[in-house]
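Please open the structure in your viewer and keep the sequence panel beside it. The tour below goes from one selection to the next and says what is found at each stop.

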Amino acid sequence: MSTIIISDQEFSQFQGLIHQLAGIHLSPAKKALVSGRLEKRLKQYRLGSYAEYFKLLTGGHNTDELQVAVDLLTTNETYFFREPKHFDFLRTKILAGHKPGRSFRVWSAACSSGEEPYSIAMVLADHLGEGPWEVMATDISTRVLEKARAGHYSLERTSGISKEHLTRYCLKGVGAQEGTLLVERKLRGRVNFIHANLSKPLPALGEFDVIFLRNVMIYFDMATKRQVVQRMLPLLKSGGHFMVGHSESLNGVVDTLQAVSPAIYRKP
Ligand SMILES: C[S@@+](CC[C@H](N)C(=O)[O-])C[C@H]1O[C@@H](n2cnc3c(N)ncnc32)[C@H](O)[C@@H]1O
């Protein structure tokens with residue numbers, strides 16, 4: 001089948017849909033990306049146009065397909081120990097001052113395929129050992145959550161993990177699993193993966209000492225950023241820390257947090 005062209009009108013329908021579903025703002029520059037990612041679904045259903053696929057999605061009869069479209073239209077790039085300064089800060093400033101024996105909870109709020117929450121869990125395990133700690137990890141994409149729960153990665157994607165962490169918390173695949181790495185069961189057991197859409201009311205997640213909201217606000221417009229952060233803040237304990245991506249900022253988004261370091265804020 002030849003390539004199906006998406007018209008401006010069709011693109012704006014999908015633009016509206018993904019904004020309504022996930023709060024994601026797609027600029028017109030994303031037109032090729034949208035058509036490229038959705039084209040296989042048109043082929044799967046043998047549809048001749050994006051308008052027909054839009055109709056299928058919004059007809060109210062196929063909620064599973066809506067999730068497939070959300071999975072396809074979200075960008076899930078991530079890696080272990082991405083933006084290492086956050087992990088240094090967690091280690092040297094936050095955990096260094098944490099009283100042993102008290103519970104410690106971290107939320108990775110757009111966790112993608114799990115590299116971020118497992119990186120956090122490795123640092124917590126180093127410092128808090130068998131103590132009462134956990135990582136909550138949420139994402140809107142069910143496809144990446146499935147991958148995250150498995151904790152099974154290609155070795156090529158694990159260069160951010162130190163030798164010590166590899167030895168302590170990871171199993172290297174042998175035989176048929178050669179070239180892969182499995183996060184060991186005990187560490188996986190400390191990370192709880194839950195489906196959650198940050199642009200809608202949140203499930204009951206409890207309170208956190210640290211929240212990571214990294215590299216997802218870039219997809220939101222200002223109004224959505226404000227709503228998302230306002231919804232999340234009550235879940236951060238007083239004195240707790242809020243991490244955003246280094247290309248992101250809470251300037252103009254919220255004024256109740258104190259900036260303590262680049263891309264790191266604290267709730268008074
Ligand atoms: C680029 S990844 C960032 C992953 C990780 N935080 C990092 O910094 O490496 C962005 C993630 O945000 C998720 N996402 C996008 N919109 C979302 C929403 N409304 N609610 C929850 N997650 C969302 C995507 O599914 C994707 O996995």
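Which residues of H4 are buried? Before selecting them, note that this is a predicted model, in which local features need pLDDT of at least 70 and side-chain atom pairs count only at pLDDT 80 or more, while totals for chains, interfaces and linings use all residues. Residues are numbered from 1 along each chain as its sequence is written.

**Helix H4**

Select residues 63–73, which make up helix H4; helices (H or I, at least four residues) and strands (E, at least two) are DSSP runs, numbered from the N terminus. The buried residues in H4 are Ala69, Val70 and Leu73, where buried means that 20 or more other C-beta atoms lie within 10 Å of the residue's own, exposed that 12 or fewer do, and partly exposed that the count is in between, with C-beta atoms placed from the backbone. If you look down the axis of H4, its buried residues fall within an arc of 100° and so line one face of the helix, the arc being that of the directions from the helix axis to the C-beta atoms. Now add helix H1 (8–22), helix H2 (31–44) and helix H3 (50–58), which are among the elements that cover the buried residues of H4.

**The two domains**

Next, colour domain 1 (8–73) and domain 2 (84–266) separately, as the domain assignment of the chain gives them; such bounds come from an automatic or database domain assignment. Their centres, taken over C-alpha atoms, are separated by 29 Å. Where they meet, seven residues of domain 1 are in contact with twelve residues of domain 2, contact meaning that the C-beta atoms of two residues, placed from the backbone, lie within 7 Å. On the side of domain 1 that touches domain 2, the largest share, three residues, comes from helix H4.

**Around the ligand**

Select the ligand and the 24 residues that surround it, of which the closest are Thr74, Thr78, Ala110, Ser112 and Asn215; a residue counts as near if its C-beta atom, placed from the backbone, lies within 6 Å of the molecule. This shell draws at least three residues from each of domain 1 and domain 2.

Pause at Ser112, which lies in the loop between strand S1 (104–108) and H6. Ser112 has a positive phi of about 50° although it is not a glycine, and with 25 C-beta neighbours inside 10 Å it counts as buried.

**The nonpolar core**

Then show the largest nonpolar core, a set of buried Ala, Val, Leu, Ile, Met, Phe, Trp, Tyr and Cys residues joined through C-beta atoms within 7 Å. Of its 66 residues, Leu124, Ile211, Phe212 and Leu213 touch the most other members. Helix H6 (residues 115–128) supplies the largest share of this core, seven residues. Centre the view on Ile211, which touches Trp107, Ala109, Met232, Leu236 and Phe242 when residues up to four places away in sequence are not counted.

**Two loops to finish**

Move to Arg46, in the loop between H2 and H3, where phi is near 55°, a positive value in a residue other than glycine. With 8 C-beta neighbours inside 10 Å, Arg46 counts as exposed.

Last, select Gly252, in the loop between strand S8 (236–244) and strand S9 (258–261). Gly252 has 9 C-beta neighbours inside 10 Å and therefore counts as exposed. Add Met222 to the selection: Gly252 and Met222 are 30 residues apart in sequence and 8.3 Å apart in space, C-alpha to C-alpha.
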